[in-house]
2 protein chains.
Amino acid sequence: MIQADIFRALADPTRRAVFERLASGEMSVSALKARFAVSQPAISQHLAMLKAAGLVAERREGRFSYYRVAPEGLAPLVDWVDRYRAFWPERIDRLKDVLKGLEP
Amino acid sequence: MIQADIFRALADPTRRAVFERLASGEMSVSALKARFAVSQPAISQHLAMLKAAGLVAERREGRFSYYRVAPEGLAPLVDWVDRYRAFWPERIDRLKDVLKGLEP
DNA sequence: AGAATACATAAGCGGGTACTTATGCGATTC
DNA sequence: GAATCGCATAAGTACCCGCTTATGTATTCT
């Protein structure tokens, strides 16, 4: 919910990968677990942290828990990034082009 | 230099604050130290990590070391954020308006 | 009702992290 | 040249983090 929580939640590679995986669509915990080389509790813990940061939302259905990305949760991060993009737009965008292999 | 390093470098509140402080202009280590309630080695360690992540650059002048933001270092983060902004532009931007107290 | 499933929580462990004080090293000042 | 300054690095410490196994709690199946 706070900016600091968002940065910390996305700092861990596995947790960030979980978030990115959910970006492709809603998924149950067990379905997520099948995609990663960690235990089910580890997945649940990552999801709890992402949820606390406002980055994902949960939907219960019987004994299943379906998680999905909460796009609004990224707004504080988008906002933070935009502050610096506004400062140095040309330099950042130019490097982005380079990273994408584009020639000016 | 790698995306993971950037997220981790910005995850710590103090280190992120150091980066944000440098965004207002180049500054020596001692000048930075005066702004934070931590020791000089702590500042140097944060700067070393930000530098390793490509987020700041250093300029030596005599016994002074001046640090400044390296805007291109933010490109991978900007790129990551843009991927999700492209997914859900309206939802993110709408919340950003709400956060800024704007009415549609 | 009992077994099995889906998930969360508890407890514990090893490694990492952010800080401190102590020390080293080059540059400046006296 | 000796002392001082600006900064980096070393070493140590307390805490945090991500992971594991073990256990608990609903829900579903037979």
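How far does a polar side-chain atom of Ser30(B) lie from a phosphate oxygen of DNA strand D? Select both and read off the distance: the separation is 2.7 Å. Keep in mind throughout that this is a predicted model.

**Stop 1: the backbone of DNA strand D**

Stay on the phosphates and move to Arg15(A), where a side-chain N or O atom is 3.1 Å from a phosphate oxygen of DNA strand D. Then pick Ser65(B). Here a backbone N or O atom lies 3.3 Å from a phosphate oxygen of the strand.

Next, colour by secondary structure. From chain A, helix 2 (13–22) and helix 4 (40–52) each give two or more residues to the surface near DNA strand D. From chain B, helix 3 (29–33), helix 4 (40–52), strand 2 (56–61) and strand 3 (64–69) do likewise. Helix 4 of chain A gives the most to this surface, with five residues.

**Stop 2: everything around the strand**

Select the protein residues within 4 Å of DNA strand D. There are 26 of them, and those that come nearest are Arg8(A), His46(A), Ser30(B), Ser44(B) and Tyr67(B). On the DNA side, sugar and phosphate make up 67% of the strand's atoms that come within 4 Å of the protein. Colouring the protein side by residue class gives eight nonpolar, eleven polar and seven charged residues.

**Stop 3: the two chains**

Hide the DNA and superpose chain B on chain A. A rotation of 179 degrees does this, with 0.0 Å of shift along the axis and an RMSD of 0.1 Å. That is why the pair can be described by a two-fold axis. Both copies use the same surface, since 100% of the contact residues of chain B recur in chain A.

**Stop 4: the interface**

Select the contact residues: 31 from chain B and 31 from chain A. Between them the chains bury about 3,100 Å², of which 72% is on carbon and sulfur atoms. Show Phe7(B), Pro71(B) and Trp80(B) as sticks; these supply 16% of the area chain B buries against chain A, more than any other three residues.

For the charged pairs, go to Glu20(A) and Arg83(B), which form a salt bridge with their closest N and O atoms 3.6 Å apart. The count between the two chains is four salt bridges.

Finish with the side of chain B that touches chain A. Helix 1 (3–11), helix 2 (13–22), helix 5 (75–87) and helix 6 (89–99) of chain B each give two or more residues to this side. Helix 5 has the largest share, ten residues. By class, the side divides into 19 nonpolar, one polar and eleven charged residues.

Notes
Residues are numbered from 1 along each chain as its sequence is written. Chains are lettered from A and ligands numbered from 1 in the order in which they are written. This is a predicted model: local features need pLDDT of at least 70, side-chain atom pairs count only at pLDDT 80 or more; totals for chains, interfaces and linings use all residues. Side-chain values use heavy atoms; hydrogens and water are left out. A polar contact is a pair of N or O atoms within 3.5 Å; within protein, one must be able to donate a hydrogen and the other to accept it, and residues adjacent in sequence count only if both atoms are side-chain atoms. Helices (H or I, at least four residues) and strands (E, at least two) are DSSP runs, numbered from the N terminus. Ala, Val, Leu, Ile, Met, Phe, Trp, Tyr, Cys and Pro count as nonpolar, Asp, Glu, Lys and Arg as charged, and the others, Gly among them, as polar. Copies are superposed by least squares on the C-alpha atoms of residues with pLDDT of at least 70 in both. Contact means heavy atoms within 4.5 Å. Buried area is the accessible area (1.4 Å probe) that two parts lose on being put together, summed over both. A salt bridge is a side-chain nitrogen of Lys or Arg within 4 Å of a carboxyl oxygen of Asp or Glu.
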